[in-house]
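Please walk through this structure with me, one contact at a time. Keep the sequence and the 3D view side by side.

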Amino acid sequence: MNAAIQASGLGKQYRRAWALRDCTLAIPEGQVAGLVGPNGAGKTTLLRLAAGMLTPTRGTITVLGQRPAAGPAQLARVGFVAQDTPVYSRMTVADHLRLGAWLNPGWDDHLARQRISQLALNPKQRAGSLSGGQRAQLALTLALAKRPGLLILDEPVASLDPLARREFLQGLMEAVAGQRLSVLLSSHLVADLERVCDYLIVLIASRVRVAGEVSDLLASHHRLSGPRRDPGTLPAGQEIITERHTDKQSNLLVRTDGPVLDPAWAVKPVSLEDLVLAYMSRAGNDRPASPQQLKAVS
Amino acid sequence: MIRLSMLQLRVQAITAAVALIAFAVLLAATGPHLASLYAASGLRGCQPASCGQRANIFLQQVDSTGPYAAVYPLSIILIALTPAVTGLFWGAPLLARELETGTFALAWSQSVTRARWLAVKLTVGGLAAMAVTGALSLLFAWWAAPLGRAAGLGGSGNSLAMNQFNPLAFATHGITPLGYAAFAFTLGVTAGALIRRTVPAMAVTLAIFAALQIAMPLWIRPNLFPASHTTVAITSDTTLNLFTTDSPHTFTFTLATDGLAGQPGAWIRSSGAADAAGHPVSTVVPSACSPAASSSGPGPALANCLTSRGIRIAVTYQPASRYWPLQWTETGIYLVLSLALAGYCFRRLSRLS
Amino acid sequence: MVEFQLDETSGVATYLQLVQQVHQALRMGMLEPGDRLPTAQQVVAQLAINPNTVHKAYRELEREGLVRARPGLGTFVTRAPSGPDPATQARFLAAMTDWLRSARAADLGPDDIEAIYRTASRTCFAEGVA
C-alpha cells in the first residue's frame, strides 16, 4: 500500500531547541491517523511540516509521494486546517467559498454549498461572528471542497463544546466515507481518537514513541497482574512499558508480539487511553541512571 | 488570485474611491472659475514686459477671493500624505495581519504557491496605491494649471505660486508621488513581514518613510546633479542685509537672491558675496563704504558702493530645465527601492511561518 | 432501516458491536432478507466512527453468510440467522413478558430478577455443557 505520509529522520530546530527529532514514519493511505501527545510535544510542528508550512532542518518528508508544497498541483492534493481554525473575520461565509473557488482548480462548488446549507450556515454572515463550532465546520468545508487526497487537521476540536465536537467528527467521518480520503489529525483527547482512528502515533517530547495500526497496538499491549515478580525474569520479546510493585503484587503494562503463556499472570486488555498514558509516564521517567543505580544493576 | 486580492482590499478601495470623488467634486466646483479668472487676466499671449505685473495681479486676485487660498494647501497636504496613508493602511497589514491572525495558514494551504500569492497581492496593492496617488495629483494638476502658468510668467511673492523646486511642490507635482506611493507600500509590506504585528509595523513604516521624505529634499535631491555656478551684479532684486558689530563704524553685510535674471524658475541653492571670479569675499563692509552704510542703511547707495568695489553675488543653482531629469531620477530611486524591498519580502517568505 | 448504537464502556470492539446489533435485529424480525443495511456513510455520519470499522463489520457479516454487498447498490440481507423462527421468538417473548409482570406484582425489583435469571442461566447452560 502506498504511504500517505513518509518521514525519515525528520527533525525541526528552532534556535537551540528541537521541536521534532528523529521522526521516522510511514502512515498508510486511505486511513484516519491520529497524532497524540502532551502539549509542546511537537504535534503542530509535524503537521506543519507535512502541510508544507515549515521546511525540515534535518531528514525528509514526502506527502502522497511528493515533497510538501512543491507546487500548485501538490498543494491541491493536501488540505490543511490549522489550530483554532483561522478564518478571515471580515469576510462572509460566501466570500470564503469564493476564495476556495478562485484559488483551487479542483474546487467542488456543489459539495461546498451542500455542506454549508446542511450546517445551516448563513452565507451572508461574517466569519468573525460565527461560533467556534461553526468556524471549525467552515474551515473543514473549505478543506474538503478542494477534493484533497490527504487532509491534515491540527487539534480541530480542542476548543469546541462536546456537541460541536461530535458534529465536527460526524462531518469529517462522513466525508472520509464519501471520498477516498486519508486523514491525519492531532488531539489530546484520546477518546475521540479511539472512535475515529485506524492508525495512531504517540509523540512525546519531540520524539515518536510508538506508531502503528490501532488494532495491532491494542492486540500487542496487555496488562499483567500477579504475585510480586522481578521484571528481569520476563521472557525476551516482552517489553515493559510501565511497572508498579507493592510488596506482594506486580502490575505491568507490556508490549509483546506473541501470547503471554505464563499462567501466573492475569492478562487483561488495554484501552487506547491507558496505552497512551503508559507511554507518557514512561517518557516522563526517561532520565539517565544515577551511578548508584548502575552499580546496583551490575 | 487577482480577484481575491481585490476582495481583500474592498474596504480600502471604497475609502479611496470616496476620497477621490469628494476631492474631484471640490476641484470641479472651483476649477472652472479659476480658469475663467485666468482667461480674464490677459496672461495668455501677454507681452513679456507686462507678464510679470499681470501675473502678480492675477495671483493676488486668486488669493483674496473665493476658496482657492484654502483649496490649494489642502490639496497639497492631501497629495503629500496619501502615499504614507496607503503605505500604512494598505501595505503594513498585508502580511502582518495574516501572520497576526493566523489566516496565512488558510491562504497558503490553497492551491497557489506562497510566491504567487505574495506576487499578486503586492502587484494589485502597489498598483492601486500608485493609482490613487496618481489620480489625486492628476486632478490637482488640472485644477492648478493656471497658477503654475502665472508663476512661470514671472508671478511671485505669493503662496499660491510656489517655485517648482520647493520641496512641497516637488513632492506633489509631476511623477514623484507615484514613486513615493510604491515605496511606502512595499515598505509597509516589508515591515509587516519582519515585525508580524500590524500596529507596530504601521508605526515603523511611518517612521522610516517620514525620515526618508525629510532626508531626500535636504541632502539627497540637491546632490543628484552637479549644480551650476554663476556670478551676477547686485541688483534691486538682491537682498542686502546690514549688521552692526562691536566696533563703531564697522558693519557686516550679507547678500542673497531668490531669483536669477535669465533663469526663470531656477532652483537657487545658495548665494553669497563674491568677487568677479566667484570667490567668496569678506563680509565686512569696506571702510570706504562705511559712510553709505551708516547713514542710509542697506540702501541703493550702499549697493552702488559695494558694486564699485568689485563685490558681486555668486549663485549656486539648478536651472529650470533640470526639473524633469530630477523628477525622473528621484522617482527611479524610489521605484528601485520598492523593487528591492519586494525582492527581500520574497526571500523571507519561506521563513515566515 | 436499523439504527446502530455504540456502547463505549462495554469493552467490546466497535465492529463487533455492529455485528451483534445486526444479529439482534435479524432475530427480532426488525431486519428481513432483502432489506438494505445503512451505508457506511450514513452510519459514520450518525456515530462519528471510522468508516473502515463499518466495512469490517459488514465484511464479517458477509463472511457469516448473512449479508451480501452489491457494488454500487449497497449491502443487503440474504438470509436470517439459523435459529428459532419469528413465531417461536414471539411465543417465548410473550411468556417472558407474562413472567416479568407477575414477578413485578410480587414486588421483585430489577436486581432480584437479574439475580434469578443469572442463577437459572448458569444452571441451565452448565447442564448443557456437561
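Start where chain B meets chain A. In this predicted model, 17 residues of chain B are in contact with 23 residues of chain A. Look at the chain B side. Helices α1 (2-8) and α5 (104-108) of chain B each supply at least two residues there. Now sort that side of chain B by class. Seven of its residues are nonpolar, nine are polar and one is charged.

How do the other chain pairs compare? Two pairs of chains are in contact, and chains A and B share the most contacts. Chains B and C do not touch. The nearest C-alpha atoms of chain B and chain C lie 25 Å apart.

Turn to the contact between chain C and chain A. Chain C gives ten residues and chain A gives 13. On the chain C side, α2 (40-47) and α3 (51-63) of chain C each supply at least two residues. The largest share of that side comes from α2(C), with five residues. What classes of residue make up the side of chain C that touches chain A? Six are nonpolar, four are polar and none is charged.

Next, go inside chain A. The domain assignment splits chain A into domain 1 (3-205) and domain 2 (221-297). Taken over C-alpha atoms, the centres of domain 1 and domain 2 of chain A are separated by 36 Å. Their contact takes nine residues from domain 1 of chain A and six residues from domain 2 of chain A. Which elements of domain 1 of chain A give two or more residues to its side of this contact? They are α7 (190-196) and β8 (199-204) of chain A. Helix α7(A) gives the most, with four residues. By class, this side of domain 1 of chain A has eight nonpolar residues, no polar residues and one charged residue.

Strand β8(A) also belongs to a sheet. Six strands of chain A form this open sheet, in the order β5-β6-β7-β3-β8-β9. The pairing is mixed. At the edges are β5 (78-81) and β9 (207-213) of chain A, and each pairs on one side only. From one strand to the next, the twist averages 15°.

Pick out one pair of strands in that sheet. Strand β3 (residues 32-36) of chain A and strand β7 (residues 182-187) of chain A run parallel, joined by five bridges. To find one of these on screen, locate A:V32, whose bridge partner in β7(A) is A:V183. Helix α9 (residues 272-284) of chain A packs on the sheet. Helix α9(A) touches β3, β8 and β9 of chain A, and its direction makes about 25° with that of β8(A).

Finish in chain B, with a pair of helices. The axes of α2 (residues 10-40) and α3 (residues 48-64) of chain B come within 10 Å and cross at roughly 150°. Angles over 145 degrees count as roughly antiparallel. The crossing therefore makes α2(B) roughly antiparallel to α3(B). It is a right-handed crossing. Which residues meet where α2(B) passes α3(B)? From α2(B) come B:L34, B:L37 and B:Y38. From α3(B) come B:F58, B:Q61 and B:V62. By class, the contact of α2(B) with α3(B) has five nonpolar residues, one polar residue and no charged residues.

Note on methods:
Residues numbered from 1 in each chain as written. Chains lettered and ligands numbered in written order. Predicted model: local features only at pLDDT ≥ 70, side-chain atom pairs only at ≥ 80, totals over all residues. Contact = placed C-beta atoms within 7 Å. Nonpolar A, V, L, I, M, F, W, Y, C, P; charged D, E, K, R; others polar. Axes fitted to C-alpha atoms, helices over the stretch in contact; angles between N-to-C directions. Parallel < 35°, antiparallel > 145°, perpendicular 65-115°, else oblique. Left-handed = near helix turned anticlockwise from the far one by under 90°. Domains from an automatic or database assignment. Pairing = 2+ DSSP bridges.
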